[in-house]
Structures are given as C-alpha cells and as structure tokens.
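These questions and answers work through selected features of one structure, each answer closing on the value or name asked for.

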Amino acid sequence: MFEVLERGSIKVDLLRFKYKDSLTNIFNSLNFKIEKGEFVGLMGRTGSGKTTSMMLLNGLIPHFIEGEFEGNVYSNSMNTLRYRIQTMSRFVGLVLQDPETQIFGITVERDVAFGPSNLTFGKEKIKEVVQKSLKAVGLEGYEKRITSELSGGEKQRLAIAGVLAMEPEILILDEPTSELDPAGREEIYKLLSNLKKKGEVTILVSSHDTEEMLTYADRIIVLDNGKMIWEGKPTKLFQDVEETKRMGIRPLEIAEIANSFYKNSLLKADSEFINKNEFLQFVKNNLTSFKSSHNGSKKNNLTNYSPVVIETKDLSFNYQQKDSALKEMNIKIHKGEFVALIGKNGAGKTTFSKQLNGLLRPTSGSVLINGNDISRFTTAQLSKEVGYVFQNPDHQIFSATVFDEVEFGLKRLNLSDEERLTRINNALEFVGLEKFKNRHPFTLGKGERQKLAFATVLAMEPNILIIDEPTTGQDWDGTNKMMEMLNKLHMQGHTILMITHNMQLAAEYADRIIVFSNGKVVLEGPPEKVFYETEVLKSAFVTAPDCINLSKELRSYGYIKYPVSINEFKKDLLEEFIWKGNVN
Amino acid sequence: MLIEYFPSESYIHKLDVRTKTLGFLSITTISFLFLSPVINFFITLCTILILLTIGTPLAGIKKILKPLFPIFILMLLITGFTYPANKFTSGTNQNILFSLGDVPFTLGGFLYGITLVLRIFIMVITSTIITYTTPIEDILQMLKKTKIPHQFAFIIATGIRFIPTMQKKSEMIQEAQQARGAEIGTGGLIKRISSYISVLIPLIVDSLRMSDNLAIAMLNRGFGAMKTTTDLNEIKMKTKDYLICFTEVIFIAVAFWIRSENIGGL
C-alpha cells in the first residue's frame with residue numbers, strides 16, 4: 001500500500017550504507033519514523049552512528065558524503081535522493097557539533113541572515129526572520145555583536161538561530177549541549193521545548209544528557225552499531241537501569257534508587273518512581289521509622305598534615321583591556337589532594353589553572369609550586385612537575401606514530417635511552433594504548449586520541465596533574481574509564497586538579513571542591529560541605545547533583561547525613577530508613 | 001594583521017566604501033609620487049589625525065608596526081649606503097654623512113629611506129582606517145558590482161571571518177605543546193623554526209577538518225540553493241560621497257601637476 005507521509009515527518013528505510021573507502025557497512029537496515037511535532041531524543045554510545053544518521057536526513061549522505069547507499073530516506077515527505085542538499089535545507093535544519101565552523105557572518109545579524117539570503121528571501125522577510133530567530137534563542141540585542149567574540153554558549157545559540165531563520169519544518173541538533181555548563185544546557189533545552197510547544201517544528205536531538213532527555217523528550221531512539229536497538233518513552237527507558245547501562249547510557253540517579261528498592265523487594269514493579277516528586281511521594285507513603293546514626297566524613301582530609309604543593313599569593317590576572325579575570329586568589333593545594341574546580345563557563349577556572357604551569361602569568365601576586373616561585377621558569381620547564389591535559393587532543397597530536405607522539409616531550413629531558421623507553425611504555429600501558437604503539441594517531445578514535453594526549457603528559461611524570469574537562473563529549477563508558485584512570489593516579493599519590501561541569505563526578509571523586517564565580521573563589525571545602533551550600537551554589541550558577549537535592553528533602557524525616565554520591569545515598573536509604581514491608 | 005571592523009557612527013563610518021577606496025588610492029598615489037620625506041610626513045600626519053578622530057584602538061596598530069621596525073632600520077641603512085651622491089639633484093642631499101670603509105652613507109639616501117618607511121606607515125594607517133570603518137559585506141558588494149562572482153567574494157569574507165579563529169587555535173596548540181615540554185619560539189634560529197612544526201602540523205590538520213565541517217555547514221545553510229543571494233544593505237553613494245570623491249580626484253590631479261613642476265623630489 002502507498003503510504004502518505006505528512007510534512008514535518010521523517011521516515012528512514014535504509015537497507016545499508018557503506019563509506020566509499022570503508023570495508024564494512026555503517027548501517028545495516030536502519031528503520032525509524034518520526035511524526036510531525038514530535039521531540040525525539042537520539043541516544044547511544046560514541047560511534048553508534050548518531051551523527052551519521054542525522055546526516056542521512058537532509059541528504060548530506062549520500063550527496064556530500066558518498067558511498068554505497070541502498071534504501072530510501074524521507075524528510076518532510078521528500079525523498080532525499082531526489083533533492084539537492086541546499087533544497088532540503090529549506091525544510092530540514094541541521095545543526096552539527098562545533099558551532100565555530102557553522103558561523104559565517106562577521107556580525108550576529110549577518111550570520112543569521114546567511115541562510116535566508118541564500119534562499120533569496122525578500123529583504124523585509126529576512127529582517128523579520130532574523131529578529132524572530134534571535135528572539136527564539138535569547139540573543140536579542142546581539143545583532144551588531146562580532147561573532148568571534150561570543151562565548152561558547154552564545155555561539156551555540158547563534159548556530160541554532162542561523163538554522164531557525166530558514167524556517168525549517170524539521171530541526172535536527174547533534175549534541176548541542178556537550179560543551180556547555182549546566183545552566184547553558186538548561187537554556188538550550190528550554191528553547192527547544194518552547195519551539196516544540198508552538199507546534200511549528202519536529203525536533204530530533206542527540207545527547208548524552210540523561211536528566212534532560214527524561215524531562216524534555218517525547219520519545220527516545222537508541223542506536224548501537226548503526227542499528228536502532230531501542231525505541232519508546234523516556235520514562236520506560238530510564239526505569240530499566242540495567243538496560244540503560246547495557247546500552248552505554250548513563251542511568252538516572254532516581255532510577256538507580258528505585259532499582260535498588262526493587263531489588264530489596266521494597267518496591268513493586270508498578271509503583272516505581274522516576275522523578276523527584278514521585279520519589280518524595282513514595283517516601284511519604286512508605287516510610288515507617290528512621291534509625292538515626294551519626295555522621296562521619298569518610299573522605300581523606302589532607303589539608304592538615306600533607307605538605308602544600310601549590311600556593312597562590314594574592315594572585316590577580318587580567319586579559320588586555322578587560323576587567324580582571326582573577327581577583328586576589330589565595331589558594332593552597334596539598335600533596336595528594338584530588339581537587340575539582342567548578343563554576344560556570346567564564347568563571348575563571350581555566351584562567352586560574354593556566355597560571356599554575358606558566359601558560360598565563362599573574363598580573364600581580366605570585367604562584368608557588370613546591371614552595372618555589374615559578375616566575376623564573378618556562379612552561380616547558382614546569383611540565384616536569386605540573387602536567388596539563390587539554391580538552392582537545394587534536395591540538396597536540398603531530399607525530400606519525402603513537403610512540404613518537406609520547407616521546408616528543410621526553411626528548412628534551414636528557415634521559416637515558418632505557419629510561420625514556422620505560423617511561424613511554426609505562427604511559428602507554430597506563431592508558432591502555434600499548435597495542436597501538438606503531439599506529440598513526442589519526443587512525444585512532446576520538447576517545448583513544450584523548451587517552452594518547454593524556455599519555456604524553458603522563459610520560460613527563462609530573463607530580464601535579466591538571467585536567468581540563470576530561471569527560472566533555474564522552475559517553476558514559478568513556479567517562480567511567482577516564483575517571484578510573486584519574487582515581488588510580490590519585491591513589492598513587494598524584495595531586496590532581498580537575499576542571500569539570502559534571503557535578504556528579506566532582507562530588508564522587510574529589511576530596512575538595514573549589515567553586516569559582518567571576519574570577520573569585522566563592523566556596524571551597526569537601527564535597528559533603530560544598531554541595532549542601534544551596535544559596536552560594538545558586539549565586540555561582542552551579543547545580544548540585546540530584547542525590548544531594550534529594551537528601552536535603554529528607555531532612556524533615558530526621559536524615560542528617562551528607563551523602564555526595566548516589567551509592568552512598570542508596571546505602572543510607574536502605575540501611576537507615578525503615579520502610580513498609582521491610583523485614584528488619 | 002589588520003584591525004577588524006568596529007561598528008560606530010564616526011564620519012568615516014558614514015562614507016560609502018567606494019569613497020573610502022578612492023581615498024585610499026589617492027593618498028597612496030600621492031605618497032608614491034613624491035620622493036621628499038617632508039610631503040610624506042605631512043600626509044602621515046593627516047592620516048594619523050583621521051585615525052585618532054575616529055577612535056581606532058592604537059594598541060592594534062602598534063602590534064602591526066612593531067615587527068616591521070627591524071625592516072624599517074634595514075631600509076634606512078640600505079638606501080643610505082646604496083644611493084650614490086650623484087643620484088640626487090639638490091646639493092644638500094649629495095652630502096655624505098659618514099662612510100663605512102669605502103662606502104659612503106648619503107643624506108639623500110637616508111631621506112629616501114625615510115620616505116619609503118613613511119609610505120609603509122601611510123598604507124598601514126589608511127588600510128586600517130578602511131578595515132576599521134567598513135563592514136566586510138560592503139567591501140564584498142563593491143567587488144560584486146565589479147562583476148566578480150559572489151562565490152569568490154564569499155571565499156574572501158569567510159577567510160576574514162576565520163582569521164581570529166585560526167589565531168585562537170594556534171594559541172591553543174602552542175599552549176598544549178608547551179604544557180608537555182615543548183620550547184616554542186626560543187633558542188637559535190633553526191631550533192626556533194623547527195619548534196613551530198609542532199604547532200603547524202596540528203594547525204593544518206585542524207584546518208582541514210574545519211574546512212570539511214565548513215563545507216557541510218554551508219550546504220546546511222542553503223549555500224548555492226539559488227543562482228543569486230539577497231543583498232541586505234545596498235551600498236549607496238550620497239551627495240557627500242560624490243563631493244569627497246570629486247575632491248580626491250582633484251587632489252591627485254594637483255599632485256601630478258606639482259610633481260611635474262619638479263617639486264617634492266630629492
């Protein structure tokens with residue numbers, strides 16, 4: 001029977017697709033449908049085919065990225081094989097990762113107008129759509145701003161506005177929030193949900209954000225190995241903790257609690273809770289009594305006896321012609337500490353970290369490493385003591401083999417051949433790349449390149465490690481593996497400074513949290529203290545992990561502990577609360 | 001690098017791009033016409049005056065001129081030593097200031113060197129005035145009026161748009177390499193040059209990746225969907241522009257006449 005497809009709908013009927021130079025098929029029978037006006041989330045591990053499948057939807061595959069293509073893809077009721085990409089772009093708006101390469105205009109206004117003027121909209125019409133799209137993404141008043149001076153979050157929103165201005169029926173976004181802080185992430189999702197409410201566009205978003213997908217998506221499609229392995233309502237997906245983990249998706253914290261209740265037969269399958277309100281309702285209905293126990297901090301507190309390895313004295317810094325980026329910082333970090341630097345984008349975390357290995361030099365004040373003022377040393381000299389791992393591994397890879405890449409920094413250290421070899425092998429072994437020693441770095445996947453960049457820093461054997469956003473853009477597995485490595489180094493006695501937007505990780509792994517806001521430290525201390533300072537966190541635009549917000553809600557029942565990770569909280573819930581149906 | 005466009009309401013900002021281009025051409029022509037540093041110095045002063053009155057950030061210009069200083073000194077030395085006294089018509093310019101061995105350093109040669117330096121100065125300043133006061137879109141439209149295909153104009157615009165991005169990238173790469181022990185830009189000449197390879201390779205690889213993404217993003221934004229594109233702001237010559245253009249032409253004519261009377265030489 002002939003099927004009538006509605007405008008704004010998507011139907012993928014792909015038998016197979018293979019890149020021109022590839023040996024295996026990227027997709028083998030990929031089939032899914034999206035109805036007009038739906039908000040669909042696309043999830044799955046890195047490399048599962050999320051980005052590639054998005055490129056199917058406006059004809060980039062097979063028109064721009066060529067290969068063996070069998071099947072049909074209909075977007076907005078148009079068969080992508082029959083139309084040019086530019087023609088499809090009028091109806092199917094695609095925003096890819098990295099907003100930087102999607103901005104063409106020198107000013108914001110001109111950039112948003114780029115699409116509509118390519119489609120030869122009338123002048124008045126262009127002015128109207130530019131205004132409308134800038135308003136939709138919350139960039140009104142930015143019309144004349146220079147695009148290269150925008151922040152990461154603003155660039156991301158501009159990229160979306162540029163596509164919105166073409167008035168597409170279908171809006172597709174590839175990981176639009178991976179580089180943003182929690183506040184920026186929330187803004188993007190709110191914007192999308194507003195667009196959806198107006199009923200004008202169908203939305204498909206790929207993401208690793210479990211919480212947001214639960215809140216905003218109507219439906220989730222999970223890909224793995226180029227196949228759709230799951231499809232349905234987000235509540236249904238996240239309720240099944242084991243299943244989400246198996247599919248490489250970070251489970252929802254509340255679902256983990258529900259799951260452990262279920263396992264301890266405190267919860268029936270039909271009365272599961274999936275959000276905060278349902279959870280509190282459950283507590284209200286099922287809690288019978290409470291065994292109070294005293295609170296004890298279990299994290300190492302090194303601040304008292306361990307020597308200070310990093311100290312900043314009245315450290316201030318300003319970039320040219322701008323107000324100060326760092327204001328009179330006095331921070332002491334002790335040997336063997338694991339410190340997480342948190343705060344919203346632009347709060348000064350990276351600017352501060354770069355002072356510690358001399359990439360930036362203080363405008364006033366001083367930085368002491370192991371008690372020595374570092375102003376006399378170059379960054380290269382400091383690299384033996386302070387290792388700095390950057391976010392983007394591709395900014396440093398330039399050798400022909402993985403081995404040479406790790407050797408690069410060591411060449412200047414005048415080591416014996418034997419010592420050098422040992423160090424390279426140790427570093428590669430630590431990150432698990434020893435079997436790729438002779439491979440060309442660019443034939444490795446992104447996650448492996450990140451490990452390689454990490455190994456090049458480790459080979460210098462620094463005692464202090466600074467890691468900038470180690471888990472950005474990584475899927476759940478990648479995140480866990482990275483954190484395992486950091487934890488292992490921490491156990492070996494390294495001092496670790498981690499810049500992160502991932503509050504769960506900060507709370508779970510760090511001994512101490514330092515909260516930055518406007519170039520100042522507004523709060524510092526162990527996670528069980530910092531994450532319970534609701535007001536200060538709010539003023540610094542930091543949101544505590546879910547389990548902390550939940551445990552605060554349980555104060556009225558007599559719960560006085562300060563759990564920082566979901567596992568601690570789960571344990572407390574099961575051991576210290578007495579529930580209906582509890583045999584003890 | 002050139003100073004980027006900054007939106008403002010100065011009197012130069014309000015002029016049409018063609019008026020400014022003609023202005024640039026007439027000023028450079030005049031400065032090339034005269035060999036005398038006095039006249040070139042006067043032109044330099046005038047351009048600096050314009051520069052100051054429209055509020056250009058001077059730090060940016062310092063950044064452009066600073067690396068040129070060794071070249072300026074070299075120019076003065078070369079012209080001073082290589083121009084023999086008999087090259088100059090005026091007696092004073094035939095004077096020899098000092099000699100290095102057998103090679104005389106002439107006053108005329110030295111003055112000619114100053115003129116050359118001032119010409120560079122003038123070109124840097126006038127082109128800065130144009131880039132600071134003119135949106136790139138206006139320059140593109142001017143090119144379009146000369147029947148250059150708009151794809152070509154687009155390449156130029158995108159190139160300019162990506163200058164700050166590439167600068168930032170190269171800074172980030174330098175930082176990443178330094179952080180793992182690379183000494184960049186220190187040591188002897190050969191060591192210094194070879195140290196930049198570790199910056200250059202990732203930069204090239206990254207640009208290739210970016211250009212691929214850029215091509216995809218262009219298609220996503222409908223580039224080439226139609227044969228033409230909508231122009232947002234039509235550039236327009238006002239009465240003031242015509243008057244200034246006329247004055248500029250007169251200036252050139254007068255300059256040619258004065259020069260033909262053999263004034264302003266060396």
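Q: What volume does the largest cavity have?
A: In this predicted model, the structure holds 3 cavities of 30 Å³ or more. For the largest cavity, the computed volume is about 480 Å³.

Q: Which helix gives the most to the lining of the largest cavity?
A: Among the 24 residues that line this cavity, those closest to its centre are Phe114(A), Ser117(A), Glu137(B), Leu140(B) and Phe154(B). Two or more lining residues come from helix H4 (108-118) of chain A, and likewise from helix H6 (136-145) and helix H7 (150-161) of chain B. The most, 6 residues, is given by H4(A).

Q: How many residues in the lining of the second largest cavity are nonpolar?
A: The second largest cavity, with a volume of about 40 Å³, is lined by residues of chain A that include Val389(A), Phe390(A) and Met482(A). Helix H17 (446-458) and strand E18 (464-468) of chain A each supply at least two residues of this lining. By class, the lining has 2 charged residues and 1 polar residue, while the number of nonpolar residues is 6.

Q: Which word describes how H8(B) and H10(B) lie to each other: parallel, perpendicular or oblique?
A: The axes of helix H8 (residues 163-179) and helix H10 (residues 197-220), both of chain B, come within 9 Å and cross at roughly 135°. Angles of 65 to 115 degrees count as roughly perpendicular and those over 145 as roughly antiparallel. The crossing angle fits neither class, so H8(B) and H10(B) are oblique.

Notes:
Residues are numbered from 1 along each chain as its sequence is written. Chains are lettered from A and ligands numbered from 1 in the order in which they are written. This is a predicted model: local features need pLDDT of at least 70, side-chain atom pairs count only at pLDDT 80 or more; totals for chains, interfaces and linings use all residues. Side-chain values use heavy atoms; hydrogens and water are left out. Axes are lines fitted to C-alpha atoms, for helices over the stretch in contact, and angles run from 0 to 180 degrees between N-to-C directions. Helices (H or I, at least four residues) and strands (E, at least two) are DSSP runs, numbered from the N terminus. Angles under 35 degrees count as roughly parallel, over 145 as roughly antiparallel, 65 to 115 as roughly perpendicular and the rest as oblique. On a 1 Å grid over the protein atoms alone, a cavity is a set of points where a 1.4 Å probe fits but cannot get out, and a pocket is an open set with protein on both sides within 12 Å along at least five of seven lines; lining residues have an atom within 4 Å of a point. Grid points are joined across faces, edges and corners, and a volume is the space filled by probe spheres set on the points. Ala, Val, Leu, Ile, Met, Phe, Trp, Tyr, Cys and Pro count as nonpolar, Asp, Glu, Lys and Arg as charged, and the others, Gly among them, as polar.
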